[in-house]
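Work through the exercises below with the sequence and the structure at hand. Each task is followed by a solution in steps.

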Amino acid sequence: MNSPVYQLHTDFLAERDARLKVVRILGRLSLGGATCQVCFLHGELQGPFETVLIAGAMEEGEADMSAMLTKRGDVYFVGSMRRSVGLWQELKSLVAIMRILRRERPDVVHTHCSKAGVLGRVAGALLGVPVRVHTYHGHVFNGHFGRLKSTACVWIERALNRLS
């Protein structure tokens with residue numbers, strides 16, 4: 001690998017004398033491009049990075065793409081993090097994610113999609129993870145929900161951007 005990002009990473013690690021640890025958080029390993037990207041990153045970046053994956057639980061009727069994981073180690077499943085929304089289950093998910101982040105002590109938290117983005121960025125900020133990155137997937141800001149929900153999503157994302 002001779003990319004500028006890889007060179008920046010190599011220079012950074014030369015100063016630290018250790019691999020950079022990245023924890024990726026995805027709501028579920030369900031059918032879609034986000035799952036493909038996260039599974040690929042988890043497997044392919046094992047050499048230069050120490051990577052850990054946190055994923056939520058599948059719900060009935062969802063296509064499970066966990067078979068795409070070429071590396072099954074360093075994967076945590078949070079049973080309360082599901083597609084459906086509920087205050088109690090979101091609080092349980094936040095606590096579970098915070099416990100994992102405390103144990104793993106990552107340099108970077110990289111979240112994918114809406115729910116994982118909210119929970120992961122809040123957990124990372126509360127625990128002082130130095131770098132928090134979010135990747136948007138899908139089209140929830142335009143045409144997926146009605147006008148009121150879309151406006152609320154945009155407002156929430158703008159607030160969370162301050163944590164990223």
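**Exercise 1.** Decide whether Lys-115 is buried or exposed, and find what its side chain meets.

Step 1. Lys-115 has a relative accessibility of 18%, so it counts as buried, because buried means under 20% relative accessible area. The model is a predicted one.

Step 2. Place the residue: Lys-115 belongs to helix H4.

Step 3. Look for polar partners of the side chain. A polar atom of the Lys-115 side chain lies 2.5 Å from the backbone oxygen of Arg-82. The backbone oxygen of Ser-84 is 2.6 Å from a polar atom of this side chain.

Step 4. List the surroundings. Leaving aside neighbours within four places in sequence, Lys-115 is in contact with Met-81, Arg-82, Arg-83, Ser-84, Val-85, Gln-89 and Glu-90.

**Exercise 2.** Describe the largest nonpolar core and say which residues in it touch the most other members.

Step 1. The largest nonpolar core has 17 residues, and those touching the most other members are Ile-25, Ile-54, Met-81, Ile-97 and Leu-101.

Step 2. Ask which elements build this core. Two or more residues each come from strand E1 (20-26), strand E2 (49-56), strand E3 (75-78), H3 and helix H4 (114-127). H3 gives the largest share, 5 residues.

Step 3. Note what lies apart from this core: another core of 9 residues, including Ala-34, Cys-39, Leu-53 and Val-75.

Step 4. Take Met-81 as an example. Neighbours within four places in sequence left aside, the contacts of Met-81 include Ile-25, Leu-26, Ile-54, Ala-55, Ile-97, Ala-116 and Leu-119. Lys-115, the subject of the previous exercise, is also in contact with Met-81.

**Exercise 3.** How many salt bridges does the structure hold? Describe three of them.

Step 1. The count is 5 salt bridges.

Step 2. Start with Glu-50 and Lys-21, whose closest N and O atoms are 3.4 Å apart. This pair links distant parts of the chain, with Glu-50 in strand E2 and Lys-21 in strand E1, 29 residues apart. Glu-50 counts as partly exposed at 28% relative accessibility, whereas Lys-21 is buried with a relative accessible area of 11%. A network of salt bridges links Lys-21, Glu-50 and Glu-104.

Step 3. Go on to Glu-62 and Arg-28, whose side chains form a salt bridge at 2.6 Å, N to O. Glu-62 sits in the loop between E2 and E3 and Arg-28 in the loop between E1 and helix H2 (33-44), with their positions 34 residues apart in the numbering. Both Glu-62 and Arg-28 are buried.

Step 4. Finish with Arg-121 and Glu-157, where the closest N and O atoms of the salt bridge are 2.7 Å apart. Here helix H4, which holds Arg-121, is linked to helix H5 (residues 147-161), which holds Glu-157; the two residues are 36 residues apart. Arg-121 and Glu-157 are both buried.

**Exercise 4.** Which residues form a nonpolar patch on the surface?

Step 1. The patch consists of Leu-87, Trp-88 and Leu-91, with about 390 Å² of accessible area together.

Step 2. Check one member. Trp-88 is located in helix H3 (residues 87-104). Its relative accessibility is 62%, so Trp-88 counts as exposed, because exposed means over 50% relative accessible area.

Notes. Residues numbered from 1 in each chain as written. Predicted model: local features only at pLDDT ≥ 70, side-chain atom pairs only at ≥ 80, totals over all residues. Heavy atoms only, no water. Patch = residues over 30% accessible without salt bridge, like charges linked within 9 Å, V, L, I, M, F, W, Y side chains within 5 Å. Areas by Shrake-Rupley, 256 points an atom, 1.4 Å probe, with all protein chains shown as cover. Salt bridge = Lys/Arg side-chain N within 4 Å of Asp/Glu carboxyl O. Helix = DSSP H or I, 4+ residues; strand = E, 2+ residues; numbered from the N terminus. Buried < 20%, exposed > 50% of the residue type's maximum accessible area, 1.4 Å probe, protein only. Core = buried A, V, L, I, M, F, W, Y, C linked by side-chain atoms within 4.5 Å. Contact = heavy atoms within 4.5 Å. Polar contact = N/O pair within 3.5 Å; in protein donor to acceptor, adjacent residues only side chain to side chain.
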